[in-house]
Amino acid sequence: MERKWWHDKVAYQIYPKSFMDSNGDGIGDLKGIISKLDYLKELGVDIVWLSPIYQSPLADEGYDISDYYAIDPRFGTMEDMEELIAEAKKRDMTILMDLVVNHCSDEHEWFRKACEDPDGKYGGFFYLRDKDPEGKLPTNWRSYFGGPCWEELPGTDKLYMHVFHKKQPDLNWENPALREEVYKNIRWWMEKGIGGFRIDAIINIKKPAVLHDYPADRDDGLSSVNNMLAEAEGIGEFLGEMRDKAFAPYDAFTVGEVFNEKEEDLPLFIGDGGYFSTMFDFSSELYGRSDKGWFDTKRIDIDAYRGCMFGAHEKIGDIGFYSTIIENHDEPRGASRYLTPEMRTEAGKKALATVYFLRRGLPFIYQGQEIGMENKEIRTVEELDDISSIDAYQVAIRAGISKERALETLTFFSRDNARTPMQWSGAEHAGFTAGDPWLLENANYKRINVEEQLKRDDSVLAYYKKLIALRKDPAYKETLVYGDFVPVKDCAHNVIAYFRKTDEQTILVAANFGSDSIAISLPADEKISFSETKTLLTNGEDARIEDGVLRLSGQQAAVVLLGR
Ligand code: GLC
Ligand code: CA
């Protein structure tokens, strides 16, 4: 595998609307982000991904862009953006924008022009079909956010396709003129000095050659978009062209949001010279998903999480470098998803951090994860902002699920969980805003906040700093960044353990997600010795290894350098 500048870096995702509000309007903004760059630098972050800040009606909170060349005034100005890029550079950090090009907003000029003249140039930027006199839709696909994928093109006798919300019309990638517009925009941002992009929902850009119905999978008569994606072939032509024409000339760093890739596609996507630098490993986010909806999704436990993690490494092998996460703006908080209520302590959060962070791959930290932010309780459907959560609630109710269970499902899965304001302090509204926050903060901010954790050397935040510093330590970096990922295969219940290995060094990463102490037998290996060991990091006492048996107390994680 070819070595890249970003392999030994640490990335951080900012959800701008909820990160830091500088002017008291209740909405996080670019000036707020600039004011926190030193905080991120202190933490050890190198790469900062911003969820979208382009001009947008914010129907899907910015993933619906109405001008790819403008900053939404609620987030600031283009001057603020330039300042952010420059201030990041001064600190040796780089900014990633979010590239949302499967769809734009129905308030984008292209869409407006398509409505005015569906047969003209901009009509060709979208998937348009004539309306059927009987009202039959062109296909029976169900959009990700609920309802059919087709909507009337205002003022015309046509329909347009949207695989997400109706305010997010799909762009027609079959049209070379559209593709050139996308590449032009990428180059324009690269010229501004950003480091690259996180690439949104990209697998959706390729539709099957013939659009047709699939068997219905719920009693709404519709069929999941996944069925058409499974049939779509040839996405590589678009992705390869985008790489060659837009990313490669700038050596842009790119991370794909890729779900449902075909296994044989991995080398093409993120192997040497692949379409992207890296892509997220979503195996544990996808675990237990049900076609019926969130309410029917099986919840993950530590044993299943270990299975996902080990499986992902087996799949990727030496092909490329995944990006690893435990949460993002679309997922519940990692501490709430992976940890049982008993484990949802500072020790448990540190254990979880340890095992995901030291995997082979580029670790991403989502804002607030570094202080162990948790899901918030959702009591009524009215308090929801997220369109997909609102849909998930209705789906559950229609399936005959009780209100209580539907709300409990949302407390577990809602995207709003990750979108509550960043908890900076115990001051009103968690120190996020001097005004009224656009989304109410989690009630636990007095207990969980940055200001308090900065004061303690044993806080989750302090632990993340140590973890980052360890991964960058010249003495262990080669192993922790490039070393093989060797799972301890027959891990006991509630244990995750693996080795990171080079020819010269072996480091053991292990965590016990149970409350009782445990003995873990380590597989014998003539190249390593369990006698002269050194604990590099732990959330408890130094780890003891005797006769190849590692002892960990309840909720303990340890990173141990093994002897030769
Ligand atoms: C991606 C984004 C998500 C958004 C969707 C549509 O999955 O992460 O937030 O709603 O794409 O753009
Ligand atoms: Ca603001």
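## The loop between β3 and β4

In this predicted model, Glu61 lies in the loop that runs between β3 and β4, and its phi is near 50 degrees, a positive value in a residue other than glycine. Glu61 has a relative accessible area of 7%, which is under the 20% limit, and therefore it counts as buried.

Leu58 is found in the loop between β3 (54-55) and β4 (67-71) as well. Although Leu58 is not a glycine, it has a positive phi, of about 60 degrees. With a relative accessible area of 9%, Leu58 is buried.

## The calcium site

Which residues coordinate the calcium ion (ligand 2)? The donors are Asp21, Asp25 and Asp29, each through OD, together with Asn23 through OD1 and Ile27 through O, at 2.2 to 2.3 Å. Along the sequence these donor residues of the calcium ion (ligand 2) follow the spacing D-x1-N-x1-D-x1-I-x1-D.

For two of these donors the accessibility can be added to the picture: Asp21, which coordinates the ion through OD, counts as buried at 5% relative accessibility, and Ile27, which coordinates the ion through O, is buried with a relative accessible area of 13%.

## Helices α12 and α17

Helix α12, residues 346-357, and helix α17, residues 460-472, have axes that come within 10 Å and cross at roughly 20 degrees. Because angles under 35 degrees count as roughly parallel, α12 and α17 are roughly parallel to each other. The crossing of α12 and α17 is right-handed.

On the α12 side, the residues that meet α17 are Glu346, Lys349, Lys350, Ala353, Thr354, Tyr356 and Phe357, while α17 contributes Val460, Tyr463, Tyr464, Leu467, Ile468 and Arg471. Sorted by character, the residues of the contact of α12 with α17 comprise eight nonpolar, one polar and four charged.

## Helices α5 and α7

A further pair of helices is formed by α5 (residues 176-191) and α7 (residues 235-247), which pack at an angle of about 40 degrees with their axes 9 Å apart. That angle makes α5 oblique to α7, and α5 passes α7 in a right-handed crossing.

The contact is made by Arg179, Glu180, Tyr183, Ile186 and Arg187 of α5, and from α7 by Phe238, Glu241, Met242, Lys245, Ala246 and Phe247. In the contact of α5 with α7 these residues divide into six nonpolar, no polar and five charged.

## Two strand residues, Thr506 and Asp484

Is Thr506, which has its place in strand β18 (residues 506-512), buried or exposed? At 1% relative accessibility, Thr506 counts as buried. When its neighbours within four places in sequence are left aside, Thr506 is in contact with Phe499, Arg500, Lys501, Ile528, Val560, Leu561, Leu562 and Arg564.

Asp484, by contrast, is partly exposed, with a relative accessible area of 41%, and is found in strand β16 (residues 484-487). Leaving aside its neighbours within four places in sequence, Asp484 is in contact with Phe499, Arg500 and Lys501, residues that also appear among the contacts of Thr506. Between Asp484 and Gly317, which are 167 residues apart in sequence, the distance in space from C-alpha to C-alpha is 8.5 Å.

Technical notes
Residues are numbered from 1 along each chain as its sequence is written. Chains are lettered from A and ligands numbered from 1 in the order in which they are written. This is a predicted model: local features need pLDDT of at least 70, side-chain atom pairs count only at pLDDT 80 or more; totals for chains, interfaces and linings use all residues. Side-chain values use heavy atoms; hydrogens and water are left out. Axes are lines fitted to C-alpha atoms, for helices over the stretch in contact, and angles run from 0 to 180 degrees between N-to-C directions. Helices (H or I, at least four residues) and strands (E, at least two) are DSSP runs, numbered from the N terminus. Angles under 35 degrees count as roughly parallel, over 145 as roughly antiparallel, 65 to 115 as roughly perpendicular and the rest as oblique. A crossing is left-handed if the near helix is turned anticlockwise from the far one by less than a right angle, and right-handed if clockwise. Contact means heavy atoms within 4.5 Å. Ala, Val, Leu, Ile, Met, Phe, Trp, Tyr, Cys and Pro count as nonpolar, Asp, Glu, Lys and Arg as charged, and the others, Gly among them, as polar. Donors are N, O and S atoms within 2.8 Å of the metal (3.2 Å for Na, K and Ca); water is not among the atoms, so sites may look incomplete. Buried means under 20% relative accessible area, exposed over 50%, partly exposed in between (1.4 Å probe, protein chains only).
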